[in-house]
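Student: I'd like a close look at one part of this model, the pocket lining. Take it slowly and tell me how each term is defined.

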Amino acid sequence: MDKQLLKSLNLLLVDDNYRIHAELHELLSPMFKSLSLAHDVPSAEQLLRELPVDIIITDIEMPGMDGLSFIEQVRESNQNLPIIVLSAHAENDTLLRAANLQIDGYIIKPLNFRKLERALTRPVKRLSYRLERIAIAPQISYEPRFKALKIDGEEVSLGQKECLLLELFISRSDHLVSKEEILQHVWPSGHASESALKNLLSELRKKLKYPVIENHPGRGWHLSLDNP
């Protein structure tokens, strides 16, 4: 597991058990850039709106809305956010429902470091692009670690939101990226107008110079990583 990458990631932990929270906080906080704690789904949803989140670890059994229903809500707007599930049981129906929600790991309690490390391997591998030099096109490369975009050998300056948007497109290069995904990823607080989104897309496309971002009207946008 890439510990250097973990130190660049923000984790959201959702569990109503305060003892588990304390144990996981002690175990996980040195591993990640930041660790946000939520004791129920409403507080988790609020943190998702307000803070950058790269990975979610959530319990299934919680008062009110359960963890799988929470994941269903997250998946409505973000199909790519890595999610690991915690549970005290390994029931087939629960496992099947979780698998259908495209989770990245399933940990049966009691939790230990080995189980956690195994569960984190897949999402960390999916996010490993952050430490790589990405070839968007023969004339375009991007290094997420340094927020460095180069076009025709020249470095091009990007703003914070432009970096967030470009990295979202890179991480979702095999899918269309919807307006809702962009809003949640770039403006997690939820305060963004339609014109702000259009302006951001327009500026990024101008800076990329080449037509690597394709518009699919009414559906979303797609970044082509093999555009000549």
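**The largest pocket, up close**

Tutor: Start with the chemistry: the lining of the largest pocket splits into 15 nonpolar, 9 polar and 7 charged residues (nonpolar is Ala, Val, Leu, Ile, Met, Phe, Trp, Tyr, Cys and Pro; charged is Asp, Glu, Lys and Arg; the others, Gly among them, are polar). Bear in mind that this is a predicted model, where local features need pLDDT of at least 70 and side-chain atom pairs pLDDT 80 or more, while totals for chains, interfaces and linings use all residues. Numbering runs from 1 along each chain as its sequence is written, and side-chain values use heavy atoms, without hydrogens or water.

In total, 31 residues line the largest pocket, and Asp 54, Arg 130, Leu 164, Glu 167 and His 185 lie nearest its centre. A pocket here is an open set of points on a 1 Å grid where a 1.4 Å probe fits, with protein on both sides within 12 Å along at least five of seven lines, and lining residues have an atom within 4 Å of a point. The space inside comes to about 810 Å³, counted as what probe spheres set on the points fill.

Now the helices (DSSP runs of H or I, at least four residues). Both α7 (160-171) and α8 (179-186) give at least two residues to this lining, and α7 has the largest share, with 6.

α8 also turns up elsewhere: with α3 (41-50) and α4 (67-77), α8 supplies at least two residues each to the lining of the second largest pocket. That pocket holds about 300 Å³, and its 14 lining residues include Gln 184, among those nearest the centre.
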